[in-house]
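Have a look at this chain before reading on. My notes are below, in the order I'd go through them with you.

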Amino acid sequence: MDEDRYATSSASRSSDEDITQALLPDSKIEDATTTVARRHGRGNIIRFVTLQFFLISIYTTIFLALRSGDRDHLVYSPAASALKFEKIRYNATLVIESAYNGPPSPEVDAAWTALLDNMNIAVPKSDLDKIGSTSIRIPNTSTYFAGLGVFHELHCLKRLRQYTWKEHYFPNITPNDERLNRLHTDHCLEILRQAIMCRADISLFTLQWSEDNLHPRADFSQEHECVDFQAVFEWAGKRRVDAGAPGLLVHPKFGVAYPNGTSSKIGGSEDVSATIVED
């Protein structure tokens, strides 16, 4: 029944078109057909050009985003604009010559000091508001003390290295300082565990057989997608604040925090008292 109805409707439309064409001169039929074809042609061209512009816009956006490292971020950071990504092949041999490892020496200590030189930075209150936090105001300015997480993690790595040479870096400390030193070291271990799992490097490593060993060896010297650390370091350097400068950090109750410009080597604190919030 439905098929008959559709067939009848189709036949009716065809008949109407035949009647209309019969009432028009041949020249009018040709003109009408040409006009319709031209309109369809122009419409197709417009749609094609519009589609191409849309695709070009999408490709350009993706290209610029990848080029600048501009990705969606779940957590606000003013340093997001400094992020650039690059491919780095790790040096993962057993013996690695580096400015940051080896026995204690003035050169190794200087390398670590330079790496952490931009640990403290100045940020406006608007940045603190965006992360829902507070900080200590920098005297005679409208900015506040802050720091990027990467530098705290590097501090923790430095701390672990020093603990492996604790006879050199923490000689003749009291039993209580030894306890705090252990707590500080465990804190750093946990910070680095969280940081590593947070970033979750998904680069591959492989296994290989060697000529002289029964057991397979792992090859960790693969390429990784890395943040351009130098770009982040330079961004922080432009906002650097020397938190250890005498008189810069002044407790509202106890006075100057670092009168000699240095803090305790142990660094651990069990203070859980209430936070003093500054305006």
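Here are my points, one topic each.

1. Remember that this is a predicted model: local features need pLDDT of at least 70, side-chain atom pairs count only at pLDDT 80 or more, and totals for chains, interfaces and linings use all residues. Numbering starts from 1 along each chain as its sequence is written, and side-chain values use heavy atoms, with hydrogens and water left out.

2. The chain has eight helices and eight strands (DSSP runs numbered from the N terminus: H or I of at least four residues for helices, E of at least two for strands). Of its 279 residues, 19% are buried (under 20% relative accessible area, 1.4 Å probe, protein chains only).

3. Now the largest nonpolar core (buried Ala, Val, Leu, Ile, Met, Phe, Trp, Tyr and Cys residues joined through side-chain atoms within 4.5 Å). Among its 18 residues, I121, L148, F151, L154, W235 and A236 touch the most other members. Two or more residues each come from α3 (106-115), β2 (121-124), α5 (149-164) and α8 (229-237). The largest share, four residues, is from α8.

4. Try clicking on F151: beyond its neighbours within four places in sequence, F151 is in contact (heavy atoms within 4.5 Å) with L115, L116, N118, M119, F229, F233 and A236. Another core, of six residues, lies apart from the largest one and includes I138, F145, V241 and L249.

5. For contacts between residues at least 6 apart in sequence, 65% join residues at least 24 apart.

Key: Buried < 20%, exposed > 50% of the residue type's maximum accessible area, 1.4 Å probe, protein only.
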